[in-house]
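Please open the structure in your viewer and follow this tour from one selection to the next, pausing at each stop to compare the text with what is on the screen.

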Amino acid sequence: MDILALEAKKTNGAEPEKKPTSRPKPKPQKKAKRIVYFEVEIVDLKTKEKLLLLDKVEPTSTVLDIKALFHKSYPKWYPARQALCLDPKAKCLRDEEVLQTLPVGTTASFYFSDLGPQLTWGTVFLAECLGPLILYLMFYFRLPFIYSPKYDFTSSKHWVVHLACMCHSFHYIKRVLETLFVHRISHGTMPLRNIFKNCGYYWCSAAWMAYYINHPLYTTPFYGQQQVNTGLYIFLFCQIGNFSIHVALRNLKPPGSKVKKIPYPTKNPFTWIFWLVSCPNYTYELGSWIGFTVMTQCVPVAFFTLVAFIQMTVWAKGKHRSYLKEFRDYPTLRSSILPFIL
C-alpha cells in the first residue's frame, strides 16, 4: 500500500513532457529575374551591308559599349571614329544612351558610318591658337621675304604697334593656357579634315591683320593716344571677363560629369552678365576684338571682328536653344549673345 502511494506521488510530481517546438518554415527564395538579352545587328549606312551581329548583348549596355564590341571585330574603326544611328536619316546616337531605353525591340539594327580619322578637341584648339601667335610674331619682327629687304628685322617707331603685338600675344597665350588648364571639353574628338578649315581661318586672319599692323607704312589711329587707350581698356576688361566666364563654366561641371546645369552668376562681378545672356564668353570675346579694332584702326581687324561676331552668334543661338529645350525653368530674360538685342 505504501509502495503504491509512493509511486503515485512520484508520478504526480514528475515534470510534464515538453512538446517539440515547431521551427519557422524558411521563406521561399525569390526567383532571380530573367535577363532579356538583345541581339544587335550593325549595318553599313551606305552599302546596307551587314557588318556584324552581336548576340546576347546586355540591356544595360551603352552605345559606347556597342562601339567597343564593334571595334574588336574591326580594329581600324575605333569608337571615336564610329557613328551609330537607328535610322539612315536619324541623328547619331550619343555614347551614354542605354540600349534598353532606345525605341527598339530585342533585335536592334544600328546603321554605321565612318567619321574618318579623329583628333581630340584639345589638339585642335592648341593648333588654332599657336598658329596665329607664331605668325603674328613673324610679321612683328619683320622676318625676311615679308616686307622690303631694307625693313628686315627692323622695329616700328609707333608705340601702338608694340602694344598691339602684346595684346594679340596675350590673347592667344591666354587661350592656350585655358585649353590646357581650364576648359573641360565635352566633345571628345572632331574629324581630322576639319582642322584644316579651322586653322586656315585663324591662321590666315592673323597673318592678314599682322601684315598691315606691322607694315612700315602703317599709320596710327586718327584720334591718337586717346583712341588707343580706349581700345586697350575695352580689350583688357573683356579679356578678364572672358576668363572669368570660362572659370565659372569649369566650376559648374565636376571632372568626368556629363550632367548639364544652368549657369548662374557667381560672386565675381564679371559673371553677373549671366543674368542677361546665355553665352557671355562670346559677348566678352566680341568685346575684346572690338577693343582691338578701335586700338589699331585696321580694316582687316574690323573684318575679322565682323566675321567672328557672325560665327559666335550662330554658336550662341544654338546654345541658347539647347538651354531652353533642356531646362523648363531657364531664365526668360536672357538673350543669346547681346543683352536685349540678340
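The stops below take in a sheet, two backbone positions, a nonpolar core and a pocket.

Keep in mind throughout that this is a predicted model.

**The sheet**

Begin by selecting the strands of the open sheet, of which there are 4, arranged in the order β2-β1-β4-β3 with mixed pairing. At its edges you will find β2, covering residues 50–57, and β3, covering 82–85, each of which pairs on one side only. If you look along the sheet, neighbouring strands are turned against each other by 25° on average, with direction ignored.

Next, narrow the selection to β1, residues 38–44, and its neighbour β2, which run antiparallel and are joined by 5 bridges. For a single pair to display, choose Glu-41, whose bridge partner in β2 is Leu-53.

**Two positive phi values**

Staying with these two strands, move to the loop between β1 and β2, where Lys-48 is placed. Although Lys-48 is not a glycine, its phi is positive, at about 60°. Is this residue buried or exposed? Lys-48 counts as partly exposed, because its relative accessibility is 46% and that class lies between the limits of 20% and 50%.

Now go to the segment after α8, the helix spanning 299–326, and select Phe-340 there. Phe-340 likewise is not a glycine and has a positive phi, here of about 65°. With a relative accessible area of 62%, Phe-340 is exposed, since the cut-off for that class is over 50%.

**The largest nonpolar core**

For the next stop, show the side chains of Tyr-136, Cys-167, Tyr-172, Ile-213, Phe-292 and Met-295, which have the most contacts inside the largest nonpolar core, a set of 29 residues. Colouring by helix helps here, as α3 (121–140), α4 (159–181), α5 (193–213), α6 (224–252), α7 (280–296) and α8 each supply at least two residues of this core. Which helix gives the largest share? That helix is α4, from which 8 residues of the core come.

**The second largest pocket**

Finish at the second largest pocket, which holds about 150 Å³ of space. To outline the pocket, select its lining in two runs of the numbering: Tyr-212, His-215, Leu-217, Tyr-218, Thr-219, Thr-220 and Pro-221, and then Thr-296, Gln-297, Cys-298, Val-299 and Pro-300. Colouring this lining by residue class will show 7 nonpolar and 5 polar residues, with no charged residues in the lining.

Note on methods. Residues are numbered from 1 along each chain as its sequence is written. This is a predicted model: local features need pLDDT of at least 70, side-chain atom pairs count only at pLDDT 80 or more; totals for chains, interfaces and linings use all residues. Side-chain values use heavy atoms; hydrogens and water are left out. Two strands pair if DSSP finds at least two bridges between them. Axes are lines fitted to C-alpha atoms, for helices over the stretch in contact, and angles run from 0 to 180 degrees between N-to-C directions. On a 1 Å grid over the protein atoms alone, a cavity is a set of points where a 1.4 Å probe fits but cannot get out, and a pocket is an open set with protein on both sides within 12 Å along at least five of seven lines; lining residues have an atom within 4 Å of a point. Grid points are joined across faces, edges and corners, and a volume is the space filled by probe spheres set on the points. Ala, Val, Leu, Ile, Met, Phe, Trp, Tyr, Cys and Pro count as nonpolar, Asp, Glu, Lys and Arg as charged, and the others, Gly among them, as polar. Buried means under 20% relative accessible area, exposed over 50%, partly exposed in between (1.4 Å probe, protein chains only). A nonpolar core is a set of buried Ala, Val, Leu, Ile, Met, Phe, Trp, Tyr and Cys residues joined through side-chain atoms within 4.5 Å.
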